[in-house]
Amino acid sequence: HLWSQNYGDADDQYMGACFADPFGNTVICGSFYGTINITTPFTSFGRRDVIVAKFAPDGTPLWSDRIGFTSVDTGWSATSDNAGNTIVVGSVGPSPNVRNAFIARYSPAGTQQWIKYFVAGDSIAYTEVVDTDATKHIHVAGRFNGNINLGGSTLVAQAENDIFLAEFDAAGNHLWSKSFTNAGYFGEVHGIGVDPNGQPVLFGS
């Protein structure tokens, strides 16, 4: 056993992702109700907030941050690029029946460099998986109902849950996006990877 930590209160906390960056640090993201204190005490704005945190190789907490709106917010997944920047994806709930997708990038020191929200109108959108390539481009995928605009053409869902796939540069600028549908069926995203040529590989059902 090398190290272990626990955080939270009597409310619920959830882990969405846990991984090592290129320098041996451990990064986590997830969601929490109530209060959590890793390096900074946070109390959820509404029902549930997103938490992201980084730990040194010996388990020392380095930084933490919260993303939160007034309803249910979820940290679905996270990854790092080859420079140690952390990219977090998930969904935020500005109201009880709406979920908007988001992507956020943090510097190695924990400064939030940018965050992008993708509004689904009076519907839902989740950014669920993320990976990066050698040029620090960010590849994401998720699900949506209704329509969503990730920075290019508006994507219109043909079924209850369509899948979107998109690429952004390191500054968060949209490069391309597309959607997939299987009319009458529920789409699910399970994972994403990027090959050495920067081509994304998506799998789901």
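In the predicted model, the side chains of Arg-105 and Asp-81 form a salt bridge, with a nitrogen-to-oxygen separation of 3.6 Å. This contact joins distant parts of the chain, since the two residues lie 24 residues apart. Arg-105 belongs to strand E9 (residues 98-106), whereas Asp-81 is located in the loop between strand E7 (74-80) and strand E8 (86-95). Both partners, Arg-105 and Asp-81, are buried.

A search of the whole structure identified four salt bridges. Among them is the pair formed by Arg-66 and Asp-49, in which the closest N and O atoms are 3.1 Å apart. Here, too, distant parts of the chain are linked: Arg-66 is found in strand E6 (residues 61-67) and Asp-49 in strand E5 (residues 49-55), with their positions 17 residues apart in the numbering. Arg-66 is buried, as is Asp-49.

A further salt bridge connects the side chains of Arg-143 and Glu-128, at an N to O distance of 3.0 Å. Arg-143 lies in strand E12 (residues 138-144) and Glu-128 in strand E11 (residues 125-132); the two are 15 residues apart, and the pair links distant parts of the chain. The relative accessibility of Arg-143 is 11%, and this residue therefore counts as buried, the cut-off being under 20%. Glu-128 is likewise classed as buried because its relative accessible area is 8%.

Note on methods: Residues are numbered from 1 along each chain as its sequence is written. This is a predicted model: local features need pLDDT of at least 70, side-chain atom pairs count only at pLDDT 80 or more; totals for chains, interfaces and linings use all residues. Side-chain values use heavy atoms; hydrogens and water are left out. Helices (H or I, at least four residues) and strands (E, at least two) are DSSP runs, numbered from the N terminus. Buried means under 20% relative accessible area, exposed over 50%, partly exposed in between (1.4 Å probe, protein chains only).
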